[in-house]
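Please open the model in your viewer and keep the sequence panel beside it. The tour below moves from one selection to the next and says what is found at each stop.

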Amino acid sequence: MTDEHDQETVCLGSPEDYGTFPASVTLNGAPYWLVREGETGFRLLSALCPHAGGDVALHGDVFFCPLHFWTFGQPDGDCRNVPGERLMRREVERRGDGRLYAVGRDY
Ligand code: FES
């Protein structure tokens, strides 16, 4: 049983609450980017760089870490310049109430 206060399921509001995507969100105190996945889906990508924890910022249509210049695509979060590296992900579900929910844990 989960609800919006559960550590593993967090309500993110409705998509209409966000002006554009990717959108910056904070989840349990940690920064993420909420990105579109396909026509109707969504996903969270950690905004902390897997290399050394830099703040990953949106730069055009990619995410960019200013510390050592790693660049990540969306919606997969795969690193464009270091094969095999990627941003941590978390699944997002749109439920019957029309809202988005972050579910599970980062992977
Ligand atoms: S901390 Fe992001 S590239 Fe090094």
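How many residues lie between β8 and β9 in the hairpin that they form, and which residue in the turn has a positive phi? Bear in mind from the outset that this is a predicted model. Select the two strands, residues 89-94 for β8 and residues 100-103 for β9, and then the turn that joins them: five residues separate the strands of this hairpin, and G98 in the turn has a positive phi of about 85°. The two strands pair in the antiparallel sense over four bridges, and if you pick R94 you will find that its bridge partner in β9 is L100.

Keep β9 selected and add β1, which pairs with β9 in the antiparallel sense, again over four bridges. Here C11 is the residue to pick, since its bridge partner in β9 is Y101.

Now widen the selection to the whole sheet, which is open and antiparallel, with its six strands in the order β1-β9-β8-β4-β3-β2. At its edges stand β1 (9-13) and β2 (23-27), and because each has a single partner strand, one side of each is left without a neighbour in the sheet. Looking along the sheet, you can follow how neighbouring strands are turned against each other, by 35° on average with direction ignored.

Next, colour the nonpolar residues and turn to the interior. The largest nonpolar core has 22 residues, and L12, W33, L34, V56 and V92 are those with the most contacts inside it. Two or more residues come from each of β1, β3 (30-37), β4 (41-46) and β9, with β3 giving the most, namely four residues. In soluble globular proteins, nonpolar side chains tend to be buried together.

Centre the view on W33 and display its surroundings. Leaving aside the neighbours within four places in sequence, W33 is in contact with P22, S24, L45, A47, L58 and F63.

Finally, zoom out to the full chain, which has nine strands and zero helices. Its C-alpha atoms fill a box of roughly 40 × 25 × 20 Å along the principal axes, and the radius of gyration of 14 Å agrees with the value near 13 Å that a compact globule of 107 residues would have. Of these 107 residues, 25% count as buried. Among the contacts with a separation of 6 or more, 34% are accounted for by residues 24 or more positions apart.

Methods. Residues are numbered from 1 along each chain as its sequence is written. This is a predicted model: local features need pLDDT of at least 70, side-chain atom pairs count only at pLDDT 80 or more; totals for chains, interfaces and linings use all residues. Two strands pair if DSSP finds at least two bridges between them. Axes are lines fitted to C-alpha atoms, for helices over the stretch in contact, and angles run from 0 to 180 degrees between N-to-C directions. A nonpolar core is a set of buried Ala, Val, Leu, Ile, Met, Phe, Trp, Tyr and Cys residues joined through C-beta atoms within 7 Å. A residue is buried if 20 or more other C-beta atoms lie within 10 Å of its own, exposed if 12 or fewer, and partly exposed in between; C-beta atoms are placed from the backbone. Two residues are in contact if their C-beta atoms, placed from the backbone, lie within 7 Å. The radius of gyration is taken over C-alpha atoms; the globule rule is 2.2 Å times the number of residues to the power 0.38.
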